[in-house]
Amino acid sequence: KKNSSESRGALIVLEGLDRSGKTSQSTRLHSFLDGLGYSVESWRFPDRNTGVGQMISSYLANESQLDDRAIHLLFSANRWEKRRLSDKFAAFASSQAERAASRRASILQIQEELLGFGDDEIIGFLKRLDSHVKGEWAMKAAGISLMETKLRTGKTLIVDRYSYSGVAFSSAKGLDIEWCKAPEMGLLAPDLKAAERGGYGGERYEQLEFQRKVAKSYQTLRDSSWKTIDACCPVEDVEMQIREVVSDCVVTCEKGKSLSQLWS
Ligand code: 2DT
């Protein structure tokens, strides 16, 4: 694989209105990067598989009603919960940090025990930490996010919707934009946001009038990592536009562009 554990992967976010083709484009992009030899993983928000995700899913399907602010915070919580390493690993890491600090176990022994976790990204990360710092490394590992661990160990993440959807959709309902941004603060900022323009959407939000408001909210969130893709043309053309901006981005990240946090 091209992204050796030495260089980091890119955090690529695809945003856009409903039915703008994000999901099929993210699949196409995944195969493209995979074909170039990158190690890639695809995520999407909302992640409907978690407990919070199930509440979101039933809200979107109009099976439950929630206050606008409550659903906003659930969408945000859904990103924060994905940030965490598993409780099991966090507990393990801090107990091992203690063992290493008091020299009851060598770094090597602990690394071997880590193999039981089977998450090669986490192991790879821990192995590269400076063994001279002794106990500190496991502490660091316990505090670092799953997303960051993956990126730092060379995995490129393609994320279908992220905080921008969170802010754009909720502020389109009339909530204050700064209030909407606040709970996203501290999540990792993407290296590239490919925002698809054009196209729109049986779920709750798929009405033209509302989509127009969302489009307006997206505009206010634009910054330098934001590349607009014209999604009105044939899918292959959209695919090419995305390939171009992504190719630049993965190379910059490989060369060591630093990670930052929202909303910087
Ligand atoms: P999908 O159809 O892509 O699953 O999205 N949404 C999404 C929000 O309102 N806030 C968020 O934070 C996110 C990630 C956009 C389902 C809908 O959920 C909206 C469309």
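These notebook entries record what I looked up in a predicted model of a protein with a bound ligand.

**Conventions.** I took residue numbers from 1 along each chain as its sequence is written, and side-chain values use heavy atoms, with hydrogens and water left out. Because the model is predicted, I accepted local features only at pLDDT of at least 70 and side-chain atom pairs only at pLDDT 80 or more, while totals for chains, interfaces and linings use all residues.

**Entry 1: the ligand shell.** I looked for residues near the ligand, that is, with a heavy atom within 4 Å of it. There are 13 residues around the ligand, and Arg48, Arg79, Arg161, Gly166 and Phe169 come nearest. I sorted the shell by residue class and found 6 nonpolar, 2 polar and 5 charged residues. In this scheme Ala, Val, Leu, Ile, Met, Phe, Trp, Tyr, Cys and Pro are nonpolar, Asp, Glu, Lys and Arg are charged, and the others, Gly among them, are polar.

I then asked which helices supply the shell; helices are DSSP runs of H or I with at least four residues, strands are runs of E with at least two, and both are numbered from the N terminus. Helices α3 (68–83) and α9 (163–172) each supply at least two residues. The most comes from α9, with 3 residues.

**Entry 2: polar contacts to the ligand.** I searched for pairs of N or O atoms within 3.5 Å. A polar side-chain atom of arginine 161 is 2.8 Å from a ligand oxygen. For arginine 48 the corresponding distance to a ligand oxygen is 3.1 Å. For arginine 44, a side-chain N or O atom lies 3.2 Å from an oxygen of the ligand. I also noted that the ligand taken alone exposes 470 Å², of which the protein buries 93%; the areas are Shrake-Rupley values with a 1.4 Å probe.

**Entry 3: helix packing.** I compared axes fitted to C-alpha atoms over the stretch in contact, with angles from 0 to 180 degrees between N-to-C directions. The axes of α9 and α11 (residues 208–220) come within 8 Å and cross at roughly 125°. I therefore recorded α9 as oblique to α11; under 35 degrees is roughly parallel, over 145 roughly antiparallel, 65 to 115 roughly perpendicular, and the rest oblique. Helices α1 (residues 22–35) and α12 (residues 235–254) pack at about 50°, with axes 10 Å apart. Accordingly, α1 is oblique to α12.

**Entry 4: backbone geometry.** I checked the peptide bonds and found a cis bond between phenylalanine 45 and proline 46, with omega about 0°. Proline 46 sits in the loop between β2 (39–44) and α2 (51–60). Another cis bond joins leucine 262 and tryptophan 263, with omega about -5°, and tryptophan 263 belongs to the segment after α12. Asparagine 62, a residue other than glycine, has a positive phi near 65°; I located asparagine 62 in the loop between α2 and α3.

Note on methods. A polar contact is a pair of N or O atoms within 3.5 Å; within protein, one must be able to donate a hydrogen and the other to accept it, and residues adjacent in sequence count only if both atoms are side-chain atoms.
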